[in-house]
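Please keep the sequence and the 3D view open while reading these notes. The points below go from single elements to the core.

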Amino acid sequence: MRNPIAALCLFALILPSGLNAQTQSGPTPYPDAKNSAQWPGKGPIRWFGWMTENRNAFWKQRQADQGKIVFAGDSIIGGWKLEKDFPGKPLANRGIGGDVTRGLLFRLQEDILDLKPKAIVLEIGSNDITADASIADVVSNYDTILETIAKASPGTPVVVMAMTPHGIPEGAKAPSEALKTYLLKVNARLPEANK
């Protein structure tokens, strides 16, 4: 190319995308939690400092976790001692306490799909409930999660776990009727997202 300015512009356009994939030293930082437009999906956003710490730890395991069955979601997954319940199985835990469906959508590529998973197990949404998300938003985010998986990793089996009661006040023996009703409605709609 004879025009040095055109060559420099072309180099500047090509370099970041090619270089970033090879030299990125950690996960993409979370967007500003106050700017909803920067987050994929609909509904509430939750971000806590430990989420970045979790993602940094996941990043360090990326090579070792290639091709494993990936469990992804919130604290129900994050706190699950998978190795105890599935001894000897190739599993990667990508659960983060406090996460919501929009948070999983944001980290879906780097934390889950980049692992080229053998299968994916999802459990997310109970924190959306405690943040007053609408059923439509939770199901819409599930739709987007599943569509993204299907496009990026066609044929990968996906298991969607029903949401469990969460946010039950300490000392309560059972979830409130309102929470039970919400969970039943959301869980009834999740198969729609699996189509």
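1. A term is needed before the helices are discussed: the expected span of a helix is 1.5 Å times one less than its number of residues. The end C-alpha atoms of helix α5 (residues 101-112) are only 14 Å apart, although a straight helix with its 12 residues would reach 16 Å at 1.5 Å a residue. Helix α7 (residues 135-152) gives an agreeing case: its 18 residues should span 26 Å, and its end C-alpha atoms are 26 Å apart.

2. The model is predicted, and its confidence should be checked before going on. The protein chain has a mean pLDDT of 84, with 78% of its residues at 70 or more. Over residues 4-21 the pLDDT falls below 50, and this stretch has 6 contacts in the model beyond near neighbours in sequence. Where pLDDT is low, the predicted coordinates should not be read in detail.

3. Which strands stand at the edges of the sheet? The sheet is open and has 4 strands in the order β2-β1-β3-β4, with parallel pairing. Its edges are β2 and β4 (158-160); each has a single partner strand, so one side of each lacks a neighbour in the sheet. On average, neighbouring strands are turned by 15° against each other, direction ignored.

4. The pairs can be followed strand by strand. β1 is joined to β2 by 5 bridges, and the two run parallel; here F71 stands opposite N93 in β2. β1 also pairs with β3 in the parallel sense, over 5 bridges, and I69 stands opposite A119 in β3. Helix α7 packs on this sheet, where it touches β3 and β4, and its direction makes about 170° with that of β3.

5. An edge position in the sheet does not leave β2 uncovered. Of its 5 residues, 5 are buried, so β2 is largely enclosed by the rest of the structure. Its two faces are both covered, with L91, N93 and G95 buried on one side and A92 and R94 buried on the other.

6. Is α5 enclosed or open? Because 10 of its 12 residues are buried, α5 is largely enclosed by the rest of the structure. Those buried residues include charged ones by name, among them R102, R107, E110 and D111. The buried residues of α5 pack against α2, β1 (69-73), β2 (91-95), β3 (119-123), α6 (126-130) and α7.

7. R55 deserves a separate look. It lies in helix α2 (residues 49-60). With a relative accessibility of 2%, R55 counts as buried, because the cut-off is under 20%. Leaving out residues up to four places away in sequence, R55 touches P27, T28, Y30, I96, F106, R107, E110 and D111.

8. The largest nonpolar core has 26 residues, of which L104, I112, L122, V138, I145, I149 and Y182 touch the most other members. At least two residues of this core come from each of β1, α5, β3, α7 and α8 (177-193). The most come from α7, which gives 7 residues.

9. The contribution of α7 can be traced in its buried residues, including I135, V138, V139, I145 and I149. One of them, I145, touches T101, L104, L105, L108 and L122, not counting residues up to four places away in sequence.

Notes: Residues are numbered from 1 along each chain as its sequence is written. This is a predicted model: local features need pLDDT of at least 70, side-chain atom pairs count only at pLDDT 80 or more; totals for chains, interfaces and linings use all residues. Side-chain values use heavy atoms; hydrogens and water are left out. Buried means under 20% relative accessible area, exposed over 50%, partly exposed in between (1.4 Å probe, protein chains only). Contact means heavy atoms within 4.5 Å. Two strands pair if DSSP finds at least two bridges between them. Axes are lines fitted to C-alpha atoms, for helices over the stretch in contact, and angles run from 0 to 180 degrees between N-to-C directions. pLDDT is the predictor's confidence in each residue, from 0 to 100. A nonpolar core is a set of buried Ala, Val, Leu, Ile, Met, Phe, Trp, Tyr and Cys residues joined through side-chain atoms within 4.5 Å.
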